[in-house]
Amino acid sequence: MFSSILGDLSKHTADKHVAGIFASLPADESATGSVQKSQVSGKKTKGAARAAGSRQRSHVKPQMTESTNLSHGKLQVADEGDDATADDAGTPIKNALLTTEKDRLARTAFVGNIPIDVRRAAILKHFSQFGSVETVRIRSAASANLKMQQRAAVITGTIDREVRDSVNAYIVFTEVESVRKAIAEANGSFTFGRHLRVDDATPSGRPATEHQHKRSVFLGNLPFDCQEETLWLHFGGCGTIKYVRLVRDHFTQQGKGFGYVCFADKSAVESALELHESLINQRPVRVFRCSAGKAHARLSLAAGAGGREGAGRARWEGESAAKAGAAISKKLTQQKQWRKQSAPAKQKKGRLRSKQNKVKEQKGKKGKSK
């Protein structure tokens with residue numbers, strides 16, 4: 001069959017190997033069809049033979065000897081073993097990274113109410129008395145440029161002091177005992193002209209101390225520009241303060257109008273309640289006894305998640321703070337959308353307005369002429 005198409009290949013010394021292959025090849029209609037197509041297309045006989053020979057080699061290729069199959073089997077087993085070893089080795093690496101992160105977090109202290117003007121070197125020097133310090137990170141600054149991140153605002157000094165006049169710092173010590181020593185000795189201390197809050201750090205970036213409602217009071221109707229140090233001074237005469245917390249917007253650091261003061265002793269709560277309707281920045285501050293359920297409802301409302309029904313005055317306080325935060329967020333969103341508009345779009349709007357003004361003028365002239 002192939003000799004009728006390709007001729008006698010025995011005379012061609014270069015194609016003897018190909019002729020032997022065709023002699024042992026069984027009849028294949030697909031191969032015959034492909035060769036006929038190549039002949040019709042005008043290809044040379046020698047080129048068609050070589051194409052058929054390469055096709056034959058690819059057909060014969062899977063017929064390996066037993067030794068070759070065994071060698072490939074060994075290689076395949078070795079490859080699978082290598083992959084399994086790599087997978088097994090990945091788990092200890094991940095566990096080691098998680099362990100390192102947990103260890104670093106345990107050696108980190110949260111420090112709040114630090115003045116903006118205090119340098120990183122001064123913070124490092126002060127807290128080095130409690131142990132060796134690895135790093136100091138400054139966060140939670142109120143950026144004066146809303147397009148700039150808080151970290152960049154700290155580096156460049158682009159900070160809005162009217163919104164917030166303090167920052168938070170995260171200090172990583174080399175030992176866990178240094179963190180405990182710093183909390184015991186530095187929390188509530190008057191340093192850098194402020195009362196500092198020192199606590200453990202958490203993955204969420206907040207202090208680790210849980211809200212202790214039995215020793216705390218809730219503050220409502222606070223000015224939005226109220227600062228932590230103002231509350232330290234206002235309630236300092238009631239008793240030893242453990243910490244002061246002002247609820248702020250995470251993005252702008254703007255106060256939401258309410259907060260908490262936690263005392264070291266329960267008896268200080270009674271003294272703090274006597275300051276109900278006292279003035280802070282010419283605003284009467286509402287002071288209430290703090291309960292676990294109401295505190296959770298206020299924080300939920302401030303986050304925009306709603307609260308429990310029947311929370312009374314506490315619910316009203318939370319709703320007003322939530323509305324103020326929503327208004328600020330809406331304003332920021334509108335500013336971002338306006339900035340994203342391209343110059344051609346603004347020019348197009350301007351041209352459209354000018355055309356509309358011209359049409360109005362022409363209509364006005366026609367009306368006057370009539």
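**Exercise 1. The open sheet**

In this predicted model, an open sheet is built from 5 strands in the order 8-9-7-11-10, with antiparallel pairing. Work out which strands stand at the edges of this sheet, and describe how strand 10 is joined to its partner.

*Solution.* Begin with the edges: strand 8 (241-248) and strand 10 (278-280) each have a single partner strand, so one side of each is left without a neighbour in the sheet. Neighbouring strands of this sheet are, on average, turned by 30 degrees against each other when direction is ignored. Next, take strand 10, which pairs with strand 11 (residues 283-289) in the antiparallel sense over 3 bridges. To see one such contact, look at S278, whose bridge partner in strand 11 is V285. As background, strands of a sheet pair through backbone hydrogen bonds, either parallel or antiparallel.

**Exercise 2. The helix across the sheet**

State which strands helix 9 lies across, and then explain why its buried residues line one face of the helix.

*Solution.* First, place the helix: helix 9 lies across strand 7 (216-220), strand 8, strand 9 (255-263), strand 10 and strand 11, and it runs at about 140 degrees to strand 8. Second, list the buried residues of helix 9 (residues 228-235), which are E228, E229, L231, W232 and F235. Third, look down the axis of helix 9: these buried residues fall within an arc of 160 degrees, so they line one face of the helix.

**Exercise 3. The nonpolar cores**

Find which residues of the largest nonpolar core touch the most other members, and which strand gives the most to this core.

*Solution.* The largest nonpolar core has 22 residues, and those that touch the most other members are V111, I114, I123, F127, I171, F173 and V198. Now assign the core to its elements: strand 1 (108-115), helix 6 (120-127), strand 2 (133-139), strand 3 (166-173) and helix 8 (176-186) each supply at least two residues. Strand 3 gives the most, with 4 residues. As an example of the surroundings of one member, I171 touches, among others, V111, I123, F127 and V133, where residues up to four places away in sequence are not counted. Apart from this core lies another, of 19 residues, among them L222, W232, F235 and A268.

**Exercise 4. Salt bridges**

The structure holds 9 salt bridges. For the one between R104 and E134, explain which parts of the chain the pair ties together, and then compare how exposed or buried the residues are in this pair and in the pair E228 and R164.

*Solution.* Start from the general idea that side chains of opposite charge can pair when their charged atoms come close. In the salt bridge of R104 with E134, the closest N and O atoms are 3.8 Å apart. R104 lies in helix 5 (residues 66-106) and E134 in strand 2, so the pair ties together parts that are 30 residues apart in sequence. R104 counts as partly exposed at 29% relative accessibility, and E134 is partly exposed as well, with a relative accessible area of 40%.

Turn now to E228, which forms a salt bridge with R164, their closest N and O atoms being 3.7 Å apart. E228 is in helix 9 and R164 in the loop between helix 7 (150-156) and strand 3, 64 residues apart. Here both E228 and R164 are buried.

Notes. Residues are numbered from 1 along each chain as its sequence is written. This is a predicted model: local features need pLDDT of at least 70, side-chain atom pairs count only at pLDDT 80 or more; totals for chains, interfaces and linings use all residues. Side-chain values use heavy atoms; hydrogens and water are left out. Buried means under 20% relative accessible area, exposed over 50%, partly exposed in between (1.4 Å probe, protein chains only). The arc is that of the directions from the helix axis to the C-beta atoms. Two strands pair if DSSP finds at least two bridges between them. Axes are lines fitted to C-alpha atoms, for helices over the stretch in contact, and angles run from 0 to 180 degrees between N-to-C directions. Contact means heavy atoms within 4.5 Å. A nonpolar core is a set of buried Ala, Val, Leu, Ile, Met, Phe, Trp, Tyr and Cys residues joined through side-chain atoms within 4.5 Å. A salt bridge is a side-chain nitrogen of Lys or Arg within 4 Å of a carboxyl oxygen of Asp or Glu.
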